[in-house]
Amino acid sequence: MFNALALAQNDLRDPDATGPVPVELSEMPDAERSSVHVPSLRLPSPRHAEDHPSADIADSAGTPGSRSMPDFSLTPEQESLRDLARKFARTEMAPHAAECDRRPRFPEEIYRKAYELGLMNLNVPAEYGGSGLGLFDQCLIVEELAYACGGMTTSTIANCLALEPILLDGSPEQKERFLKPFCAEYHLASFALTEPSSGSDAGAVRTIARKEGNDYLLTGDKCFISNAPHASLFTVFATIDPKLRHKGVTAFVVPRSAEGVSVGPDEEKMGHRASATSTVRFDEVRVPAADRLGPEGNGFSLAMRTLDQTRTPIGALATGIAQAALDHAASYSLKRETFGKPIAEHQAIQIKLANMVQAIHASRLLTWRAAWTIDRGQKGTLESSIAKCYASDTAFAVADQAIQIFGGYGYMREYPVEKLLRDAKLTQIYEGANEIQRTVIARELLRGYA
């Protein structure tokens, strides 16, 4: 037996020591073998005190139970839900995606089928006629739908965005009055926040809500409103006084049938061409005070809380687009040959595919983590912004690399990947441009250090 513990104690404790560590090997007499004492090693003190901002990072392992670890194992019910969405996407949406993109065409017959299967109004509780799903389950559905067509998915889930303000701040009477008849049959709704002069700066809305007796008169223009040409209901954000900025923003529910509501023609878009988008004008539209959501001046907060809820499914939508791009690229790489072998055997292509799949896996997990966080009753602003921002950047980058793998064919409309790039681009812009998401991420991060 050899004694291999002939190390100076300082050699173990010096974190900056460099070079080889001297170890002396010496034969140990038999009499000493039974009484070997190995001294306990005193580890260096933590670099940061417990109250240091980096403590939770430096000691990220924490103690047992100090950090909740999500379990992303799907239940049988979730597996069935995902299978339902996948079957619908592959059999009903995918066969018409290219045609609806080329024309473009709003395939209302597909949206009606989605409604009949319970794939619309996902966030509305069952007591009001919706599917009553949590955010995680919604994301399972959205990714599968987006795999087939990003534009159709946008129109399918737009009701969730438009109805979320009613769910968050509507009174029990308002929920009963608006949600039950809306969900009882096929309807589309629109979230009317963006204006020609206020996109990311949501506090700068110029649509005026002028009080007149027990009513408000709404006057102004909204733009880039999804499903507006076909919507029967709008959630509208207007201001009682532009000088108040975000403190003046107030939310209303406005039916399409209200006098003074007019919708512009469909916008000619780069992508998501199966989804209808247009301007909406409100010209002295009379809205009862009973149709206001929450108190005056509460609209900006309501809009932000709404987006905290609905932003995460955009991460799922982007992930679905990215997964489709990867599948097309990987399949093509096994068939296309150059220099006497499939391009999948070239290291340059393998590296692209490896980078693509890594980013997609990360996008999916970030999205699931955000949904899990919100489903547990937490605000989830940081998590949803990270998921949406990362997944949408990934979708665009992966679609770009898919085109590169296809080469010249990828640039042609005959092949599917150029559409995926055009569809991916919008995910970086709507529901909060990624520049805004990074600002939100930094703000939420720094709050933990203040």
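1. A residue counts as buried when its relative accessible area is under 20%; in this predicted model, Thr306 has a relative accessible area of 0%, and it is therefore classed as buried because that value falls under the 20% cut-off.

2. Thr306 belongs to helix α9, which covers residues 299–335, and its side chain reaches the backbone oxygen of Leu302 at 2.8 Å. With neighbours within four places in sequence left aside, the residues in contact with Thr306 are Leu161, Glu164, Pro165, Leu168 and Phe191.

3. Helix α9 also matters for reading the largest nonpolar core, which has 40 residues, and within which Leu317, Leu353, Met356, Ile405 and Leu420 have the most contacts. Two or more residues of this core come from each of α6 (135–148), α9, α10 (347–375), α11 (381–406) and α12 (417–427), with α9 giving the most, at 11 residues.

4. Leu317, one of the residues with the most contacts inside that core, touches Val142, Ala146, Gly150, Thr153, Thr154, Ile157, His272, Thr427 and Tyr430, when residues up to four places away in sequence are not counted. Apart from this core lies another, of 26 residues, which includes Tyr115, Leu119, Leu133 and Tyr186.

5. For the protein chain as a whole, the secondary structure comes to 13 helices and 12 strands, and 46% of the 450 residues count as buried. Of the contacts between residues at least 6 apart in sequence, 74% join residues at least 24 apart, while the chain exposes about 22700 Å², of which carbon and sulfur atoms supply 54%.

Conventions:
Residues numbered from 1 in each chain as written. Predicted model: local features only at pLDDT ≥ 70, side-chain atom pairs only at ≥ 80, totals over all residues. Heavy atoms only, no water. Helix = DSSP H or I, 4+ residues; strand = E, 2+ residues; numbered from the N terminus. Buried < 20%, exposed > 50% of the residue type's maximum accessible area, 1.4 Å probe, protein only. Polar contact = N/O pair within 3.5 Å; in protein donor to acceptor, adjacent residues only side chain to side chain. Contact = heavy atoms within 4.5 Å. Areas by Shrake-Rupley, 256 points an atom, 1.4 Å probe, with all protein chains shown as cover. Core = buried A, V, L, I, M, F, W, Y, C linked by side-chain atoms within 4.5 Å.
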